[in-house]
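Open the model in your viewer and follow the selections below in order.

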Amino acid sequence: MLKLGFNSAILGDFGFEHVVQFAGNHGFSCVEMMCWPSDNADSRRYAGVTHIDVNNLTPERISVIKHTLKEANVTISALGYYPNPLDPDEERSGYFIEHIKQVIRGAAKLNIPVVTTFIGRNPAKSIKENLAKFADVWPAIVKVAEENNVKIGIENCPMFFTDDEWPGGKNLAISPAVWDRMFEIIPSPIFGLNYDPSHMIWQMMSETKPIYDYKERLHHIHLKDAKIYKDKLDRVGIMANPLEYHSPKLPGLGDVNWRAFFAALTDVRYRGPVVIEVEDKAYEGSITDVQSAILTSRNYLRQFLG
């Protein structure tokens, strides 16, 4: 019922064909393919990865992509690109917005149903101020998605971890309260969530309740865990930079209640992709560690997938 895949960013040192072959060889149904612009690599961890260059989707390249997927019996769950479209630098913001639109058009050319991304945020401004900017910027992006019949899945990562994103983080879509305002401003059903339970854990929120409350908006699912270090939290408190008291972990190695999580997905009849996102620093020492992280996650999650 659920299509297990992984986010391709963790295999950023390899090309598209290698990623697809790895997925096929190890029993994955799908891959979320990263589509950062090839001329604008981002230095942030897991960013700047280009497995599909949407600016160069010639008929020949489209044919190669589709043939490679068919041979491996793998599909693409979504095209992913995670910049900050509400960046206070208007030139940067404009660049990010235009590339999101290009990723949407690329998804349509490849018959891929979803594009995954961030809303963005000016970290120096309030939620109210950022929602006003969102209302100016995002309707035009969603219009392109509607014209191309491609869903948008917004990941709920606050993008606040260290001083670099202080004080408000670089992604507005942090909580149900904000999602409600987003969906009021843009009610289009094509606009929804790429839901990641790990970010609810370190914000001290329920990771299962949103599945029930936003079942019609679940366009894509990320499978990542988070570990709260209570001794560190007791020392620094929740006002500290979040990485001072928590770490992203492989599924099963953190505090997400995966049994309840998958029970909720089946309760609401979710039938889409569930995609492993590896951001566990304990598994970054070598390519062997990286591959082990993907397969260890797969092995743990299979108990919930049949």
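Which residues of the largest nonpolar core touch the most other members? Select I52, L79, W138 and F191: they have that role among the 100 residues of the core. Keep in mind that this is a predicted model. Next, colour helix α4, residues 127-148, which supplies the largest share of this core, eight residues.

Now turn to the strands. A closed barrel of eight strands runs β1-β2-β3-β4-β5-β6-β7-β10, with parallel pairing. From one strand to the next the twist averages 30°.

Select β3 (residues 75-80) and β4 (residues 114-117); these strands run parallel and are joined by two bridges. L79 is opposite V115 in β4. Show what surrounds L79 beyond its neighbours within four places in sequence: its contacts are M33, C35, I52, V54, V103, G106, A107, I112, V114, V115 and T116.

Two helices come next. Helix α1 (residues 16-25) packs on the sheet and touches β1 (3-7), β2 (30-34) and β3. The direction of α1 makes about 160° with that of β2. Return to α4, which lies across β4, β5 (151-155) and β6 (191-195) and runs at about 140° to β5.

Finish with the cysteines. How many disulfides does the structure hold? The count is zero. Select C30: the nearest cysteine sulfur, that of C35, is 14 Å away, and a disulfide needs the two sulfur atoms within 2.5 Å. C35 is likewise in no disulfide. C30 is buried, at 1% relative accessible area, and C35 is buried too, at 0% relative accessibility.

Key:
Residues numbered from 1 in each chain as written. Predicted model: local features only at pLDDT ≥ 70, side-chain atom pairs only at ≥ 80, totals over all residues. Heavy atoms only, no water. Core = buried A, V, L, I, M, F, W, Y, C linked by side-chain atoms within 4.5 Å. Buried < 20%, exposed > 50% of the residue type's maximum accessible area, 1.4 Å probe, protein only. Helix = DSSP H or I, 4+ residues; strand = E, 2+ residues; numbered from the N terminus. Contact = heavy atoms within 4.5 Å. Pairing = 2+ DSSP bridges. Axes fitted to C-alpha atoms, helices over the stretch in contact; angles between N-to-C directions.
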